[in-house]
Amino acid sequence: SIVPYLLAWDLRVKGVLQVFAFMSCSYWTLDVGASFFKGFYRNGLLVWFVPDVFFVILDWLCLPLMQLNDADAGFRLFRFIKLGKAFRLFALIKLFRTAKLAKLLTFHLFGNNRNFEKARLVYNIIGIVIVILWMNHILGCVWFAVGNFVNADTESNWIDGASAAHNRIPFTEMGLMYQYFTAFHSAIAQSTLGAVEITATNSVERIYTIFCLMIGLVVGSTLVSLLSAGMVEMKMLSQYRDNQMRLLTQYLRENAIRGQIGTAVRTQVLERLSDLAKLKSSDVPVLSLLSRELRMRLHSEVCMAHLVSHPLLRLCMHLDDRWPLQLCDAIEVVHHHKDDCIFAPCTNAKAAYVLIDGAMLYSQTPGSSMVAEEWSVELSHRCWLSQAALWSEWLHVGELTATEPCQVLEVNADACAQAFIGNRVVGTLASEYCRCFHACLAAAKPPMAEWPNDIEVQFAGFGDIVSTMTRESRINIAMVSSHMVEAKAGFLQSSAATDQLRAELLDEVSAGKSVLVLAPNGDLERVLSLAVLRLSEQDRAL
């Protein structure tokens with residue numbers, strides 16, 4: 001934005017201006033390199049790459065010319081210097097890139113903030129104000145250049161009039177700051193249809209004044225309306241919270257709720273009003289325009305990344321790549337606020353849960369669970385809870401509470417069962433898995449195991465359950481698992497050694513000596529079955 005000022009006042013670039021000019025050229029040079037590699041790795045150069053190269057070369061060529069004064073050059077060099085300085089005006093197009101970069105930076109700074117909407121509105125308002133000031137800066141510089149360089153048909157210009165208003169002191173001999181802000185004031189007055197003591201005195205100035213008035217009428221009014229709309233939207237954004245808090249205060253006053261309870265209620269309501277949940281599909285009305293199949297594919301793409309942490313579901317997705325579309329009706333992403341209770345003890349479990357984001361606390365007490373003392377545990381990302389609800393009639397034996405705003409993937413048990421039943425390939429495997437899981441669940445009790453809870457059923461891991469399945473199912477799971485690992489990482493590539501190893505592993509599985517399953521990290525896992533005999537006296541000393 002300093003280029004119009006340098007051209008209008010015909011200044012030599014030196015001192016601080018020279019440092020800023022060098023920093024600007026260096027920045028855009030580095031930006032060209034970043035744009036090249038970014039575009040290259042995305043299979044094509046970006047749209048701005050070629051113009052950026054042109055403008056950067058132009059900047060570096062014009063930089064030494066801007067340090068020369070017109071008086072230091074001959075006639076030909078004088079024209080060349082003028083041309084080089086004028087070319088720098090084309091670099092103003094890069095300001096559109098700067099505005100886009102500023103917008104992306106603001107999104108990354110505030111995108112995950114709870115007050116992102118308010119931050120976005122503030123950014124828009126500040127951006128509109130900056131655009132208004134920048135537009136008048138350009139108009140003011142051009143206005144000064146018109147008065148300083150253009151030959152007048154009336155042998156007079158507005159600079160002469162400004163000089164007459166200051167006791168005949170030449171306007172060009174006044175300070176640069178006063179000259180600039182006088183031109184800037186005149187530009188703002190013309191673009192906003194305001195009044196100023198400076199008037200046009202020749203044809204060119206009259207034409208430019210008419211142009212500024214049209215700019216002010218069209219562009220200026222548009223920017224002002226955008227500014228007003230942004231401020232109204234910001235007011236409406238806070239108005240909802242203000243109305244809700246007013247109703248809450250009235251309710252507490254009418255019911256004589258005071259002291260700690262009233263304070264706690266107000267604090268939690270304010271916190272939850274400020275908690276910005278991630279958008280769900282129901283929050284985006286245009287998604288209803290999609291076909292059912294495309295909408296289900298989109299929903300599947302959103303949710304399936306979290307379901308692959310379950311080995312059986314991952315196996316089913318590999319067996320039939322269209323089965324996840326049948327599972328879509330059973331899946332829902334739910335946002336929970338801090339201190340929300342996801343489920344309570346002694347209630348019917350209707351779904352399994354996967355923690356997507358945030359933090360939750362699971363706890364058990366002797367009054368509602370088969371534990372000797374109260375205990376709790378913090379749950380991590382992609383942790384499964386209440387899996388037993390998918391394969392049995394299950395009562396929750398603990399309490400799950402959100403310790404901070406979190407997202408949870410809920411898998412409805414009844415809808416999931418319908419998805420398994422509707423697919424013959426995965427339905428047969430799921431049916432046997434369900435039978436074996438229920439047997440492990442029923443056997444999980446003292447003294448052989450701890451009582452099961454909503455997080456874990458001892459000796460009911462995926463490898464333990466597959467070990468109790470039929471020989472045919474174990475072989476099929478082993479073959480599918482090995483193929484999945486081979487397709488992902490090339491672990492079992494086609495070679496004599498790997499083929500022999502694979503044949504030996506499958507022979508072990510066929511003989512019932514081991515099973516091959518997928519580990520949670522996607523690697524192939526070999527599980528052996530061991531028989532352990534424990535001898536002890538009545539006092540359990542041995």
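The legends below describe close-up views of a predicted model.

Local features are reported at pLDDT of at least 70, side-chain atom pairs count only at pLDDT 80 or more, and totals for chains, interfaces and linings use all residues. Residues are numbered from 1 along each chain as its sequence is written, and side-chain values use heavy atoms, with hydrogens and water left out.

**View 1. Strand 9 is largely enclosed by the rest of the structure.**
Helices (H or I, at least four residues) and strands (E, at least two) are DSSP runs, numbered from the N terminus. A residue is called buried under 20% relative accessible area, exposed over 50%, and partly exposed in between (1.4 Å probe, protein chains only). Strand 9 covers residues 514-518, and 5 of its 5 residues are buried. In a regular strand the side chains alternate between the two faces of the sheet. Here both faces are covered: Ser514, Leu516 and Leu518 are buried on one side, and Val515 and Val517 are buried on the other. The C-alpha atoms of Val515 and Arg471 lie 9.8 Å apart in space, although 44 residues separate the two in sequence. Arg471 belongs to helix 18 (residues 471-489) and is partly exposed, with a relative accessible area of 48%.

**View 2. Strand 9 and strand 10 form a hairpin.**
Two strands are taken to pair if DSSP finds at least two bridges between them. Strand 10 comprises residues 524-528; it runs antiparallel to strand 9 and is joined to that strand by 5 bridges. One of the bridge partners in strand 10 is Leu524, which is matched with Leu518. Between the two strands of the hairpin there are 5 residues, and Gly522 in the turn has a positive phi of about 95°.

**View 3. An open sheet is formed by 4 strands.**
The order of the strands is 2-7-4-5, and the pairing is antiparallel. Strand 2 (341-343) and strand 5 (375-379) stand at the edges with a single partner strand each, so one side of each has no neighbour in the sheet. From one strand to the next the twist averages 25°; axes are lines fitted to C-alpha atoms, for helices over the stretch in contact, and angles run from 0 to 180 degrees between N-to-C directions. Strand 4 (residues 360-364) and strand 7 (residues 399-402) run antiparallel and are joined by 4 bridges. Within strand 7, Thr401 stands opposite Leu361.

**View 4. Cys316 is buried and takes part in no disulfide.**
A disulfide is a pair of cysteine sulfur atoms within 2.5 Å, and the structure holds 0 of them. For Cys316, the nearest cysteine sulfur is that of Cys416, 8.7 Å away. Cys316 has a relative accessible area of 0% and is therefore buried. Cys341, at 40%, is partly exposed.

**View 5. Glu432 of helix 16 is in contact with Met469, Thr470 and Ser473.**
Helix 16 spans residues 424-443, and Glu432 within helix 16 is buried, with a relative accessible area of 10%. The three contacts leave aside neighbours within four places in sequence; contact means heavy atoms within 4.5 Å. A polar contact is a pair of N or O atoms within 3.5 Å; within protein, one must be able to donate a hydrogen and the other to accept it, and residues adjacent in sequence count only if both atoms are side-chain atoms. The side chains of Glu432 and Ser473 are joined by such a contact of 2.5 Å. The side chain of Glu432 also reaches the backbone nitrogen of Thr470 at 2.6 Å.

**View 6. A salt bridge joins Arg435 and Glu432.**
A salt bridge is a side-chain nitrogen of Lys or Arg within 4 Å of a carboxyl oxygen of Asp or Glu, and by this rule the count comes to 4. The side chains of Arg435 and Glu432 meet at 3.6 Å, N to O. These two residues are 3 residues apart in helix 16, so about one helical turn separates them. Arg435 is partly exposed, at 48%, whereas Glu432 counts as buried.

**View 7. Salt bridges connect helix 11 to distant parts of the chain.**
Asp329 and Arg292 meet through their side chains at 3.5 Å, N to O. Asp329 lies in the loop between helix 13 (323-327) and strand 1 (331-336), while Arg292 is in helix 11 (residues 292-307), 37 residues apart. Asp329 is exposed, at 55%, and Arg292 is partly exposed, at 49%. Arg322 and Glu293 form another salt bridge, of 3.6 Å, N to O. Arg322 is in the loop between helix 12 (311-319) and helix 13, and Glu293 is in helix 11, 29 residues apart.
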